[in-house]
Amino acid sequence: MNIHEKYIKRCIELAQNGLGTTYPNPMVGSVIVYDGQIIGEGWHQKAGEPHAEVNAVNSVKDKSLLKKATIYVSLEPCSHFGKTPPCCDLIIANEIPNVVVGTVDPNEKVAGKGILKLIEAGANVTVGVLENECNELNKRFFTFHQKKRPYVILKWAESLDGFLAPEKAGNQDRKPVWITNQYSRQLVHKWRTEEQAILVGTQTVVDDNPKLNARDWNGNNPTRIAIDRNNRIDPDSFIFDDTVKTIVFSGEIEKPSKGSTQFEAIDFSRNIVPQILDVLYQNQIQSVIIEGGRQTLQSFIDENLWDEARIFIGKTSFSNGTVAPNILRKNSIKTNILSDELIQIKNHD
């Protein structure tokens with residue numbers, strides 16, 4: 001690892017502190033180095049608040065050293081006015097002579113303009129240090145801007161014999177059937193705080209009446225999304241409790257959007273997955289967890305519109321019931337959470 005990689009790696013570590021709190025902005029970390037020593041560092045903590053470079057510069061005690069320092073940043077410094085001023089202008093104003101950038105910003109408002117502005121101001125700019133790692137850090141942001149859709153994470157739990165749920169009796173209460181242990185469930189709630197939205201199909205809401213929040217982990221609740229083609233979901237369901245923004249996709253809207261609930265009409269005679277992702281893109285949602293059931297999950301798999309799959313396998317067996325989705329499980333990573341197995345798959349297509 002060379003010296004530039006050492007400090008960009010530190011930028012990535014800092015940036016990761018912003019997971020789940022920076023949307024719609026990317027996660028960014030910055031380090032300022034003088035004479036082989038870190039004299040300042042910072043990361044972007046929340047949209048509308050100072051960017052990583054600002055926090056790093058503000059943390060430097062002796063500002064006179066900036067004129068002889070190198071600033072490292074995991075993502076290209078912005079060059080446009082948003083909720084905050086351009087970071088390029090800050091770097092130029094402080095006469096920082098050397099700038100090392102992990103990767104170029106895919107947002108068309110930046111997209112190399114920041115790097116060009118720094119070069120034109122006389123800075124010595126190095127680009128592409130640990131580029132793959134920096135791209136992975138902001139996989140949600142990059143997918144959103146490059147593919148014009150959210151980053152899609154499939155998640156489900158299945159029994160040892162491959163079922164999502166057992167056969168339900170007609171008089172069974174509306175509540176989830178737990179397959180995994182409490183630690184796996186807590187991990188899922190942590191994941192919910194890291195992503196912008198969570199999506200389920202009609203039958204999941206009808207059968208389980210899920211809250212779809214992050215009650216077992218401290219953080220932001222995701223936007224709740226439900227598919228309800230024929231308006232079958234009971235209005236007393238938790239998803240309509242007005243505590244979290246909720247988007248409902250329907251074949252025909254029977255009532256107007258109200259409070260935190262937004263109704264969206266889509267054409268169910270056509271493939272609904274691209275339509276759903278397009279609406280989420282228009283709503284500036286950069287990532288979504290698809291939590292089932294089988295038909296909903298399989299539709300994303302069949303359309304190859306997914307980026308990751310996270311599959312829990314519990315120790316329970318059902319013998320019959322709802323069969324788990326069919327997905328190719330090659331090149332997967334397996335870990336154990338006590339009695340549960342977690343399989344993680346990345347879609348490289």
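Two residues are in contact when heavy atoms come within 4.5 Å of each other. Keep that in mind for the views below, which show a predicted model.

**Figure 1. Helix 10 packs against several neighbours.** Helix 10 covers residues 294-302, and its buried residues are Thr 296, Leu 297, Gln 298, Phe 300 and Ile 301. What do they pack against? Three strands come up early in the list: strand 6 (151-158), strand 8 (197-200) and strand 9 (223-227). Helix 9 (272-282) and strand 12 (287-290) are on the list too. Look just past the helix and you'll find Asn 304, which takes a positive phi of about 55 degrees.

**Figure 2. Strand 6 is wrapped up by the rest of the structure.** Here's a strand that is largely enclosed, because 8 of its 8 residues are buried. Tyr 151, Ile 153, Lys 155 and Ala 157 point one way, while Val 152, Leu 154, Trp 156 and Glu 158 point the other way. Whichever way they point, all of these residues are buried.

**Figure 3. Strand 6 pairs with strands 12 and 13.** How many bridges join strand 6 to strand 12? There are 4, and the two strands run parallel. To pick out one of the matches, find Leu 154, whose bridge partner in strand 12 is Ile 290. Strand 13 (residues 308-313) also runs parallel to strand 6, and 6 bridges join the two. In that pairing, Trp 156 stands opposite Ile 311 of strand 13.

**Figure 4. A cavity sits inside the model.** Searching the whole structure turns up 1 cavity of 30 Å³ or more. The largest cavity holds about 80 Å³ of space. Its lining takes in 14 residues, and the ones nearest the centre are Thr 22, Tyr 23, Met 27, Asn 138 and Arg 140. Helix 6 (residues 139-147) gives the largest share of that lining, with 3 residues. Sorted by class, the lining has 6 nonpolar, 6 polar and 2 charged residues.

**Figure 5. Asp 89 and Lys 117 form a salt bridge.** Side chains of opposite charge can pair when their charged atoms come close. The model has 17 salt bridges in total. In this one, the closest N and O atoms of Asp 89 and Lys 117 are 2.7 Å apart. The pair links distant parts of the chain, with Asp 89 in helix 3 (residues 87-93) and Lys 117 in helix 4 (residues 113-120), 28 residues apart. Are these two residues buried or partly exposed? Asp 89 is partly exposed, with a relative accessible area of 28%, and Lys 117 is partly exposed at 30%.

**Figure 6. Glu 195 meets Arg 140.** The side chains of these two residues form a salt bridge, at 2.7 Å from N to O. Glu 195 lies in the loop between helix 7 (182-194) and strand 8, and Arg 140 lies in helix 6, 55 residues apart. Glu 195 has a relative accessible area of 3%, so it counts as buried. Arg 140 is buried as well, with a relative accessible area of 7%. You've met Arg 140 before, as one of the residues nearest the centre of the largest cavity.

**Figure 7. Arg 192 and Glu 291 reach across the sequence.** The closest N and O atoms in this salt bridge are 3.2 Å apart. Arg 192 is in helix 7 and Glu 291 is in the loop between strand 12 and helix 10, so the pair ties together parts 99 residues apart in sequence. Both residues are buried. Elsewhere, salt bridges that share partners join Glu 136, Lys 139, Glu 308, Arg 310 and Lys 346 into one network.

How values were computed:
Residues are numbered from 1 along each chain as its sequence is written. This is a predicted model: local features need pLDDT of at least 70, side-chain atom pairs count only at pLDDT 80 or more; totals for chains, interfaces and linings use all residues. Side-chain values use heavy atoms; hydrogens and water are left out. Buried means under 20% relative accessible area, exposed over 50%, partly exposed in between (1.4 Å probe, protein chains only). Two strands pair if DSSP finds at least two bridges between them. On a 1 Å grid over the protein atoms alone, a cavity is a set of points where a 1.4 Å probe fits but cannot get out, and a pocket is an open set with protein on both sides within 12 Å along at least five of seven lines; lining residues have an atom within 4 Å of a point. Grid points are joined across faces, edges and corners, and a volume is the space filled by probe spheres set on the points. Ala, Val, Leu, Ile, Met, Phe, Trp, Tyr, Cys and Pro count as nonpolar, Asp, Glu, Lys and Arg as charged, and the others, Gly among them, as polar. A salt bridge is a side-chain nitrogen of Lys or Arg within 4 Å of a carboxyl oxygen of Asp or Glu.
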